[in-house]
Structures are given as C-alpha cells and as structure tokens.
Amino acid sequence: MFNTDYNSLMLEGFSLQGGIIKCFKEMQMKGRKIMTTKQEMKEQAKKLQEELDKLNSQIEKMPDEVATERWRAKYDNTYYCIAGYGEIYNEKDYYNKTSQGYYNLGLYFKTKEEAKEYKENLLTKQKLKDLALKLNKGIKIEWGNLEQRKYLIYHDTYIKELVSQSVTLMQDIGQVYCLDTDFLKIAEKEIGEDKLIKLFKSGV
C-alpha cells in the first residue's frame, strides 16, 4: 500500500493534469473565436507552461518504480547468458529447458553489459572464498564453537568504506568467513578495494 506522502503527490499530480487540460480547453475555445488575438494565445501558452512546470516538479518528487519480478525476454526474443566456460552468448528464448536453466541459475540477462558485470562479480566472490580458505590453513569453521571468532567483510554504506567484523554464532546467507584477523586488509591488497565494494553493491 502506498504511503501518505506518495498519495499526496499523486493527488497533486492529478490536480495539475486537470489544470493543463483546462488550459488546453480554454485555448481551443478561444481558437474558435474570430477575435482571438496573438496576445491572448501567448497568455494561454504561458499559463500552460506554468502548469507543465508544476507537473514536472511533482513527477521529480515521486519515487522510482521498483520491479516486482526479474526480467525475462518475450518468446523468440533475445537474452544474454553466461555459459560453461564463462563465455557470454546471446540466445533466443523459446521457453525451453536451456533458457529456463539459465534463468533459474541467475545467469540470464537483458544486456551483454549486465552479463559481463555479473561475471566479474562472480569471479571476485570466488577469489574472496579462495583467499579465506587459504588463510584458514585447513582449520574448519565451527559454528557451535563460541571460542572461535569468524571474521567477515561488509560494506558500510554510510561511511562508504569496507569494514571488518567478527562473529561466533550468527551466520548470514552468502557471506564469506575467515579465521584470520587481517582478512579485510589482505583481501584489499590481493583483490582490490574497488572490486570488493562493487561486489557488495551487486548483491552477488
């Protein structure tokens, strides 16, 4: 359900649309009169522009629409996918097992650029996993062990920096955990801060 602010903006928008329509009607009525002057038309055009400016201002204040489901191409239309060796192909979607498989695995994209970016973030995520495995030196992470601290990296969107944190029992979906206290410092050096931030922003 929309909030009060959004409803207010919508009502204001409808009101402004009504004002614009009224201006058009006035112009049409005056246009039918034989005595319509150039000055009258200028005044109506000015009025109409003022209404349009108000409407555009309200549109800018309205929140962007957020998709409620993942994009999928229409039948026989093109999509891009990441295939076996990491190659990016464009394919036609015939709603068959192949296309459905790419879609289900999240390897199905609207543009080639989206596919490239996703692939890059997947590679970064795997490098981070491999680094954690190496730094753990064969020691298994034990989630029931309160004495064992597990270190993770997250992106603080307020200060716009990567931050290290440690936990003992709480486990997040998709996070990479390491037993080395310098996990963040080493990851920034070996993988790169920019790539890590891009990874977190992507949600991969």
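Is Cys 178 buried or exposed? Cys 178 is buried, with a relative accessible area of 0%. Keep that residue in mind as you go through the close-ups below, which all come from a predicted model.

**View 1. Two cysteines sit out of reach of the surface probe, and no disulfide is counted.** Cys 81, like Cys 178, comes out as buried: the relative accessible area is 0% for Cys 81 and 0% for Cys 178. The number of disulfides in the model is 0. Cys 178 will turn up again in View 4, as one of the residues touched by Phe 183.

**View 2. Strands S1 and S2 form an antiparallel hairpin.** Here you can follow S1, residues 78–82, alongside S2, residues 88–92; the two run antiparallel and are joined by 5 bridges. To get your bearings, start at Thr 78, whose bridge partner in S2 is Lys 92. Then move to the turn, where 5 residues lie between the strands and Gly 86 has a positive phi near 95 degrees.

**View 3. Helix H4 packs against many neighbours.** H4 covers residues 112–135, and its 24 residues reach 35 Å from first C-alpha to last, close to the expected 34 Å. Among its buried residues are Ala 115, Asn 121, Thr 124, Lys 125 and Leu 128. What do the buried residues of H4 pack against? Their partners are S1, S2, strand S3 (108–109), strand S4 (150–156), helix H5 (183–190) and helix H6 (193–202). Just after the helix comes Lys 137, with a positive phi near 50 degrees.

**View 4. Phe 183 belongs to the largest nonpolar core.** This core has 16 residues, and those touching the most other members are Leu 128, Leu 131, Ile 153, Leu 162, Phe 183, Ala 187 and Leu 196. Two or more residues come from each of H4, S4, H5 and H6, with H4 giving the most, 4 residues. Zoom in on Phe 183 and, leaving aside residues up to four places away in sequence, you will find contacts with Leu 128, Leu 131, Ala 132, Leu 135, Tyr 151, Leu 152, Ile 153, Val 176 and Cys 178. Apart from this core lies another, of 11 residues, including Tyr 102, Tyr 103, Leu 107 and Ala 115.

**View 5. Arg 72 and Asp 93 meet in a salt bridge.** The model holds 3 salt bridges, and in this one the side chains of Arg 72 and Asp 93 come to 2.9 Å, N to O. Arg 72 lies in the loop between helix H2 (38–61) and S1, while Asp 93 lies in the loop between S2 and helix H3 (97–104), so the pair, 21 residues apart, links distant parts of the chain. Arg 72 is partly exposed, at 22% relative accessible area, whereas Asp 93 is buried, at 0%.

**View 6. Two further salt bridges tie H4 to H6 and to H5.** Glu 120 pairs with Lys 198, with their closest N and O atoms 3.4 Å apart. This pair links H4, which holds Glu 120, to H6, which holds Lys 198, across 78 residues. Both partners are partly exposed: Glu 120 has a relative accessible area of 32%, and Lys 198 also has 32%. In the other pair, the side chains of Glu 190 and Lys 134 meet at 3.8 Å, N to O. Glu 190 is in H5 and Lys 134 in H4, 56 residues apart. Lys 134 is exposed, with a relative accessible area of 52%.

Definitions and conventions. Residues are numbered from 1 along each chain as its sequence is written. This is a predicted model: local features need pLDDT of at least 70, side-chain atom pairs count only at pLDDT 80 or more; totals for chains, interfaces and linings use all residues. Side-chain values use heavy atoms; hydrogens and water are left out. Two strands pair if DSSP finds at least two bridges between them. A disulfide is a pair of cysteine sulfur atoms within 2.5 Å. Buried means under 20% relative accessible area, exposed over 50%, partly exposed in between (1.4 Å probe, protein chains only). The expected span of a helix is 1.5 Å times one less than its number of residues. Contact means heavy atoms within 4.5 Å. A nonpolar core is a set of buried Ala, Val, Leu, Ile, Met, Phe, Trp, Tyr and Cys residues joined through side-chain atoms within 4.5 Å. A salt bridge is a side-chain nitrogen of Lys or Arg within 4 Å of a carboxyl oxygen of Asp or Glu.
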